[in-house]
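Colleague: I would like to go through some of the labels used for this structure. Please set each value against its cut-off.

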Amino acid sequence: MTAATELWTYRNLIYNLAQRELRARYKKSILGWAWSLINPASTLIIYSVVFGVLLKGQAPDMGSGREGNFALSLFCGLVVWNFFAGTLTGSISALMGAGPLLNKVYFPAACPPIANMFTIMLQAVIEGGILMVIMIALGNAGPTFLLFPLILVFVGLFGLGIGMVAAVYNVYLRDVNYLVSIMMNVLFYMTPIVYTLDVVKAELPSWAYRLYTLNPLTQFVNWSRDAFYLLQWPSLPSLLGTAAAASLTFVVGAAIFQRKARNVIEEL
């Protein structure tokens with residue numbers, strides 16, 4: 001509670017750090033904020049060509065009955081993945097980048113990772129908004145779109161919990177950053193982004209499939225696909241279980257960060 005109160009006291013600093021990150025992100029760039037659309041669009045096009053065209057990836061029909069569209073099904077997963085990956089990896093760079101400032105002025109070391117999370121969340125809101133507009137234009141829209149804010153909250157908590165642990169240990173052991181990069185590549189293909197959960201269910205034995213679905217990211221991606229593409233509400237056990245796992249990850253991650261960050265300024 002003391003740590004939470006302290007962070008609330010420094011909420012204006014978190015806001016200013018997020019603003020500084022947003023201003024610096026596309027500074028001296030001709031296209032500026034257009035890159036926030038170009039980057040995810042290019043990733044979507046590449047994956048759609050490789051997995052949808054060359055590897056003949058299939059997508060189920062949309063919730064409205066419209067014929068399946070692999071690119072849109074993929075986009076639903078990428079919105080979640082980009083937010084999670086940006087929050088986790090950005091937490092590491094945010095804490096390292098705040099080193100000079102932390103050595104001059106005291107503030108909670110958790111402020112930079114939290115500010116980074118809000119910055120990445122804005123990007124996710126933009127991507128989610130574009131996805132909504134496309135779906136509405138195709139006549140594939142419904143009240144399940146209201147699930148999107150909940151997805152952002154719990155993906156943010158999950159990513160920030162892991163990101164703070166990785167960030168604080170990276171200060172003491174710089175190999176952590178490289179290990180995280182490798183693990184992110186593995187985790188991407190272990191999450192049903194370029195394929196659907198039905199494919200996994202068909203290929204794995206029941207016990208392995210149940211183990212696979214324990215990954216909160218699997219559930220988050222499925223939530224996004226359910227809400228935007230299939231126009232279905234996730235099951236109650238999935239909602240409650242995944243929300244609890246994300247919240248627990250954040251609490252444990254914050255506790256580890258709080259304990260280890262006491263001497264982080266000296267290491268930075």
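**Labels and the values behind them**

Modeller: Start with the loop between α11 (216-230) and α12 (236-260), where L231 lies. Bear in mind that this is a predicted model.

Colleague: What makes the phi of L231 worth a remark?

Modeller: L231 has a positive phi of about 60°, although it is not a glycine. Most residues other than glycine have a negative phi.

Colleague: Why is L231 called partly exposed?

Modeller: Its relative accessible area is 22%. Buried means under 20% and exposed means over 50%. The value for L231 falls in between, so L231 is partly exposed.

Colleague: Y229 is found in helix α11. Is Y229 buried or exposed, and how do you know?

Modeller: The relative accessible area of Y229 is 0%. That is under 20%, so Y229 is buried.

Colleague: How far apart are Y229 and A202 in sequence and in space?

Modeller: They are 27 residues apart in sequence, and their C-alpha atoms are 21 Å apart in space.

Colleague: Now the surface. Which residues make the nonpolar patch?

Modeller: The patch is made by I45, I46, V49, V50, V53, L54 and L55, and its area is about 640 Å².

Colleague: What makes V53 fit for such a patch when V53 is called partly exposed?

Modeller: V53, in helix α3 (residues 35-54), has a relative accessible area of 48%. A patch asks for over 30%, so V53 passes that cut-off. The label "exposed" asks for over 50%, so V53 stays partly exposed.

Colleague: I45 is also placed in helix α3. Why is I45 called exposed?

Modeller: I45 has a relative accessible area of 54%. That is over 50%, so I45 counts as exposed. I45 and A71 are 26 residues apart in sequence, and 7.7 Å apart in space from C-alpha to C-alpha.

Colleague: What about G139, in the loop between α6 and α7: how do you know whether it is buried or exposed?

Modeller: The relative accessibility of G139 is 51%. The cut-off is over 50%, so G139 counts as exposed. G139 is 74 residues from G65 in sequence, with 9.8 Å between their C-alpha atoms.

Colleague: Next, the helix pairs. What values describe two packed helices?

Modeller: The angle between their axes and the distance between the axes.

Colleague: Why is α2 called oblique to α6?

Modeller: Helix α2 (residues 11-25) and helix α6 (residues 111-137) pack at about 55°, with their axes 8 Å apart. Roughly parallel needs an angle under 35 degrees, and roughly perpendicular needs 65 to 115. The angle meets neither condition, so α2 is oblique to α6. The crossing of this pair, α2 and α6, is right-handed.

Colleague: And what makes α7 roughly parallel to α12?

Modeller: Helix α7 (residues 148-172) packs against α12 at an angle of about 30°, with 8 Å between the axes. That angle is under 35 degrees, so α7 is roughly parallel to α12. The crossing of α7 and α12 is left-handed.

Notes. Residues are numbered from 1 along each chain as its sequence is written. This is a predicted model: local features need pLDDT of at least 70, side-chain atom pairs count only at pLDDT 80 or more; totals for chains, interfaces and linings use all residues. Side-chain values use heavy atoms; hydrogens and water are left out. Patches are made of residues with over 30% relative accessible area and no salt bridge: like charges are joined within 9 Å, nonpolar side chains (Val, Leu, Ile, Met, Phe, Trp, Tyr) within 5 Å. Accessible areas come from the Shrake-Rupley method with a 1.4 Å probe; for residues, only the protein chains shown count as cover. A salt bridge is a side-chain nitrogen of Lys or Arg within 4 Å of a carboxyl oxygen of Asp or Glu. Helices (H or I, at least four residues) and strands (E, at least two) are DSSP runs, numbered from the N terminus. Buried means under 20% relative accessible area, exposed over 50%, partly exposed in between (1.4 Å probe, protein chains only). Axes are lines fitted to C-alpha atoms, for helices over the stretch in contact, and angles run from 0 to 180 degrees between N-to-C directions. Angles under 35 degrees count as roughly parallel, over 145 as roughly antiparallel, 65 to 115 as roughly perpendicular and the rest as oblique. A crossing is left-handed if the near helix is turned anticlockwise from the far one by less than a right angle, and right-handed if clockwise.
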